[in-house]
Amino acid sequence: MKISRFIPLVFVLLAGAIIAFAMRVDSTTTASPLQGRSVPEFSLTALDNEQFTLTQASLTGQVRLLNVWASWCGICKSEHPFLLELAQKDKMSVIGLNYRDDRQAALNELSQSGNPYQSVIFDPKGSLAIDLGVYGTPESYLVDRNGVIRHRYVGALNRKIWEQEFVPVLRQLEEGKNG
């Protein structure tokens, strides 16, 4: 047997291993170019009320988690139970940014799965998401009481990620550092 016959097989196995490893890494902390800066100005309607407009001021007054999601996003569905827990048990103010979605589909999703959001910004064209630098769904931004982005996380949230990524930033904010 010639060894040269096995070179393509080795290459395919190596490429497969690299792809499998890359797929395991499903979420990351990604510094936002807006970190330390105010949420971009916007004026969009609420998901549940087309007559009600939400603006940049809607994200001020208290520390909030801005969560980018869509009804068509499977990964968003996996993080949804944690968002419900965060809003109910941890008393975190969670604002949704419904990204490039159908209004009725999004409302149906919240009706079926529960609604962790104090309010939901409806962004059907993705204009605010683009201004935020959103890669995709889900993404979450910790916004301080002055409307300044303090942390960004790309991927589905869970308790472990919350404790590692967000709680230290929340502690700094409580101590009066950074807003």
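**Figure 1. A disulfide joins Cys-73 to Cys-76, with the two sulfur atoms 2.4 Å apart.** The model shown here and in the other views is a predicted one. If you are looking for further disulfides, the structure holds 1. Cys-73 and Cys-76 are both buried. The torsion about their S-S bond is about 85 degrees, so the disulfide is right-handed.

**Figure 2. The whole protein chain contains 5 helices and 8 strands.** Before the next close-ups, here is some orientation. From one end of the sequence to the other, the elements follow the order α-β-β-β-β-α-β-α-β-α-β-β-α. The chain has 179 residues, and 44% of them count as buried. How do the contacts spread along the sequence, taking those between residues at least 6 apart? Of these contacts, 70% join residues at least 24 apart.

**Figure 3. Arg-159 and Glu-85 meet in a salt bridge between helix 5 and helix 2.** Side chains of opposite charge can pair when their charged atoms come close. In this view, the N to O distance between Glu-85 and Arg-159 is 2.6 Å. Glu-85 belongs to helix 2 (residues 74-88) and Arg-159 to helix 5 (residues 159-174), so their pairing ties together parts that lie 74 residues apart in sequence. Are these two side chains buried, exposed or partly exposed? Glu-85 is partly exposed, at 28% relative accessibility, and Arg-159 is also partly exposed, at 27%.

**Figure 4. Arg-159 takes part in a network of salt bridges with Glu-85, Asp-90 and Glu-163.** Staying with Arg-159, we can now add its other partners. Arg-159 forms a salt bridge with Asp-90, and their closest N and O atoms are 2.8 Å apart. This pair also links distant parts of the chain: Arg-159 sits in helix 5, while Asp-90 is in the loop between helix 2 and strand 5 (93-99), 69 residues apart. Asp-90 is partly exposed, with a relative accessible area of 32%. Glu-163 meets Arg-159 in a salt bridge as well, at 3.4 Å from N to O. Here both residues lie in helix 5, 4 residues apart, which is about one turn of the helix. Glu-163 counts as partly exposed, at 40% relative accessibility. For the structure as a whole, the count comes to 7 salt bridges.

**Figure 5. Helix 5 has a kink of about 40 degrees at Phe-166.** The kink lies shortly before the proline Pro-168. What is the distance between the end C-alpha atoms of this helix? They are only 20 Å apart, although helix 5 has 16 residues and a straight helix would reach 22 Å at 1.5 Å a residue.

**Figure 6. The two ends of helix 5 each offer a detail to look at.** At the start of the helix, a side-chain oxygen of Asn-158 comes to within 3.1 Å of the backbone nitrogen of Lys-160. Just after the helix, Gly-176 takes a positive phi of about 90 degrees.

**Figure 7. Helix 5 packs its buried residues against three strands and another helix.** Which residues of helix 5 are buried? They are Ile-161, Trp-162, Phe-166, Val-167, Val-169, Leu-170 and Leu-173. Phe-166, where the kink lies, is thus one of the buried residues. The elements that they pack against are strand 4 (64-69), helix 2, strand 7 (139-143) and strand 8 (149-154). Helix 2 is also the home of Glu-85, the salt-bridge partner from Figure 3.

**Figure 8. Asn-98 is a buried residue in strand 5.** The relative accessible area of Asn-98 is 0%, and the cut-off for buried is under 20%. Which side chain does Asn-98 join in a polar contact? Its partner is the side chain of Asp-101, at 2.9 Å. Leaving aside residues up to four places away in sequence, Asn-98 touches Leu-47, Trp-69, Ala-70, Ser-71, Ala-106, Val-120, Ile-121, Phe-122, Asp-123 and Pro-124.

Conventions:
Residues are numbered from 1 along each chain as its sequence is written. This is a predicted model: local features need pLDDT of at least 70, side-chain atom pairs count only at pLDDT 80 or more; totals for chains, interfaces and linings use all residues. Side-chain values use heavy atoms; hydrogens and water are left out. A salt bridge is a side-chain nitrogen of Lys or Arg within 4 Å of a carboxyl oxygen of Asp or Glu. Helices (H or I, at least four residues) and strands (E, at least two) are DSSP runs, numbered from the N terminus. Buried means under 20% relative accessible area, exposed over 50%, partly exposed in between (1.4 Å probe, protein chains only). The expected span of a helix is 1.5 Å times one less than its number of residues. The bend at a residue is the angle between axes fitted to the seven residues ending there and the seven starting there. Contact means heavy atoms within 4.5 Å. A polar contact is a pair of N or O atoms within 3.5 Å; within protein, one must be able to donate a hydrogen and the other to accept it, and residues adjacent in sequence count only if both atoms are side-chain atoms. A disulfide is a pair of cysteine sulfur atoms within 2.5 Å.
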